[in-house]
Amino acid sequence: MSFFQFLIQEWMLTSLLAVLVIVYTMRERVKSGVPITNNQLTALVNADKAVVLDIRPSAEFKAGHLVDAINIPYERINSDLATLEKYKSKTIIIVDKMGQYAGTAGRQLAKEGFDVRRLSGGISEWQNQNLPLVKGK
């Protein structure tokens with residue numbers, strides 16, 4: 001029996017599997033922080049409802065970061081959680097280079113009770129849209 005014959009004959013099982021994969025993917029995505037756009041980030045920060053957490057290494061952070069961003073490198077997230085406690089009432093927006101570590105960091109912070117979002121595309125997407133960065137600090 002070929003794979004396509006199986007799919008046709010067992011369409012209910014195949015459909016159920018597809019639905020479960022989609023639900024699982026969506027659930028995991030939310031657990032690691034809902035991805036947001038540059039515009040959504042700006043709106044949340046301007047309304048004083050969010051804090052930007054940049055998890056890139058310090059050297060990359062100093063080369064250019066979002067205004068008022070807090071830098072805690074990804075490797076130190078667990079050991080520096082106390083630094084973020086005062087922001088627990090606000091949304092934490094995680095920024096990294098391209099989104100590769102934001103999900104993992106988001107899951108760690110969500111376990112600790114933080115309201116987490118992730119900048120879709122990371123700082124690279126921010127730069128691609130020619131949005132401003134602050135250097136130094």
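A pocket is, on a 1 Å grid over the protein atoms alone, an open set of points where a 1.4 Å probe fits, with protein on both sides within 12 Å along at least five of seven lines; lining residues have an atom within 4 Å of a point. The model is predicted, and local features need pLDDT of at least 70. Residues are numbered from 1 along each chain as its sequence is written.

**Exercise 1.** State which residues line the largest pocket and which helix gives the largest share of the lining.

Solution. The lining consists of Leu41, Thr42, Val45, Asn46, Val52, Leu66, Val67, Asp68, Trp126, Leu131 and Pro132. Helix H3 (residues 38–46; a DSSP run of H or I, at least four residues) supplies the largest share, four residues.

**Exercise 2.** Give the strand order of the sheet and name its edge strands.

Solution. The order is S1-S5-S4-S2-S3, an open sheet of five strands with parallel pairing; strands are DSSP runs of E, at least two residues, and two of them pair if DSSP finds at least two bridges between them. At the edges stand S1 (34–36) and S3 (70–71), each of which pairs on one side only.

**Exercise 3.** Trace the bridges of S4 and decide whether its residues are buried or exposed.

Solution. Four bridges join S4 (residues 91–95) to S5 (residues 115–119), and five join S4 to S2. Thr91 has Ala50 as a bridge partner and, in S5, Asp115. Ile94 lies opposite Arg118. Five of the five residues of S4 are buried (under 20% relative accessible area, 1.4 Å probe, protein chains only), so S4 is largely enclosed by the rest of the structure. Thr91, Ile93 and Val95 cover one side, Ile92 and Ile94 the other.

How values were computed: This is a predicted model: local features need pLDDT of at least 70, side-chain atom pairs count only at pLDDT 80 or more; totals for chains, interfaces and linings use all residues. Side-chain values use heavy atoms; hydrogens and water are left out. Buried means under 20% relative accessible area, exposed over 50%, partly exposed in between (1.4 Å probe, protein chains only).
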